[in-house]
Each structure stands twice: as C-alpha cells, then as structure tokens.
Amino acid sequence: MKTLLAAALGTALAFASSLHAAATVGQPAPAFTLTDTKGTTHSLADFAGKTVVLEWFNHECPFVKKHYGAGNMQRQQAAATGKGVVWLTINSSAPGKQGHVNAEQANAILGEWKASPTAFLLDHDGTVGQAYGAKTTPHMYVIDGEGVLRYNGAIDSNPSADPADIPGATQYVEAALGDLAANRAVARGTTQPYGCSVKY
C-alpha cells in the first residue's frame, strides 16, 4: 500500500513539476494553438521556416509599461517583423487577475500604444504560458525556423522599471535575432527574466 501511495505521489509531483518546467533552449519549442484578438487561430507549426518571438504581456505591469512607454518594444517589433520575423504577444492573465483583457480591450491597447506584433494571442487558461514556463511580463522567447527554442529570458540586461535605463542595456532579444539572421549560434541563449509575475 505504501509503495502504491509513494508511486502515485511521485507521479503527481512529476506531473505538477512538468506543468511549471521551463521550455529548454536547444530543444523543440512546445507546440501550441491559440486564438488572436481578431478571431484567427495560430499554431506554432504555421510558422515553420520562420523565426518566431514570443512576448508575454500584461499592460498593467510597470516593467511592460517601461518598454512600451519608451517605444522600445514597438521598435523591436517593427524591426523584427520588417525582416520577416513572426512576433507573437501573449496574454496569460486569468479572468479576474491583473492584466486580463478580452479581444476588444487588447486591440484598443495595441492601438493606443502603437504596438505592431504579428498577432496578440489570448491564453486565458494559462496552458501555453505554463508549457513555456513563462514567469514574468515581459518574458521573451526566440524560436528558430526549425522550431527549436534558441532564447529564453529577459528582453534586456537591466531589470528595472525605469525607461531611462534602456539605452545602456544590452538588448538580448535583438542580439539573439541578429545571431540567427547571421547563421550564428545564439551567444546568450538563457538569461534571468524580470518583471511582474504572470497572473495565472
């Protein structure tokens, strides 16, 4: 009986751990399918052959406001998509939690902030966020054209909420995209993400 109980407990703990395990750099990125704010369904497999950026988002988070208020996130979105990169902004805030938005609210924010991702995806049950181990907003991921995760971490090297710190920071996502575009290995594939916790 004790053996069965221990086995069951071990399985439950392993399952719980897997729900919160971060996606691994160098391994295939977790597959997903989500609907965007315009009602279109997107799967990671749809973008085979293209570099994909995932950006976790909460418009009420001071760290997200830092990068959008200074225009840093919009600049990077425009530069990346202009070179054929797919940029997917993802909201995993659960209903009733900080940062939760419906499609209409999200589109209004995108317009007000002049953001230009390829799509804004709604992950209200947190399935995709948990699959990737997304911890913060923003939390950034870069996936190569073969579907392999090449970057997981912060947008830049300065974990503050002050926009004045952006110019002196190393822009990790831009650096990763530059490495992939030049057919180089990503020099820094993992960094510590910073920001507000994802409100699952």
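This section describes aromatic pairs, a strand hairpin, salt bridges and one buried histidine in a predicted model.

The structure holds 10 aromatic pairs. One of them joins F32 and Y132 in an edge-to-face arrangement, with the centres 6.1 Å apart and an angle of 70° between the planes. This pair connects distant parts of the chain, as F32 lies in the loop between α1 (2–20) and β1 (33–36) and Y132 in helix α5 (residues 127–132), a separation of 100 residues. Both F32 and Y132 are buried. A further pair, formed by Y68 and W113, is tilted, at 5.1 Å centre to centre and 40° between the planes. It too links distant parts of the chain: Y68 belongs to helix α2 and W113 to helix α4 (residues 103–113), with the two positions 45 residues apart in numbering. Y68 has a relative accessibility of 4% and counts as buried. F32 and Y132 also belong to one aromatic cluster together with W56 and Y141.

Helix α2 (residues 62–69) also contains H67. The relative accessible area of H67 is 0%, so this residue is buried. Setting aside residues up to four places away in sequence, H67 touches N72, M73, Q74, P138, I155, D156, I166 and Y194.

Strands β7 (residues 140–143) and β8 pair in the antiparallel sense over four bridges. Within this pairing, M140 has G153 of β8 as its bridge partner. Five residues lie between the strands of the hairpin, in which G147 adopts a positive phi near 85°. Strand β8 (residues 149–153) is mostly covered, with four of its five residues buried. R150 is partly exposed, with a relative accessible area of 29%. The side chain of R150 forms a salt bridge with D144, the closest N and O atoms being 2.8 Å apart. D144 counts as buried because its relative accessibility is 11%, below the 20% limit.

In total, three salt bridges were counted. In another of these, R75 is joined to E174, with 2.6 Å between the closest N and O atoms. This salt bridge spans distant parts of the chain, from R75 in helix α3 (residues 72–81) to E174 in helix α6 (residues 172–181), 99 residues apart. R75 is partly exposed at a relative accessible area of 41%, and E174 is likewise partly exposed, at 30%. D179 and R184 also meet through their side chains in a salt bridge, at 2.9 Å from N to O. Here D179 is buried, with a relative accessible area of 10%, whereas R184 is partly exposed at 47% relative accessibility.

Terms used. Residues numbered from 1 in each chain as written. Predicted model: local features only at pLDDT ≥ 70, side-chain atom pairs only at ≥ 80, totals over all residues. Heavy atoms only, no water. Buried < 20%, exposed > 50% of the residue type's maximum accessible area, 1.4 Å probe, protein only. Contact = heavy atoms within 4.5 Å. Phe/Tyr/Trp six-rings, centres within 6.5 Å; stacked < 30°, edge-to-face > 60°. Pairing = 2+ DSSP bridges. Salt bridge = Lys/Arg side-chain N within 4 Å of Asp/Glu carboxyl O.
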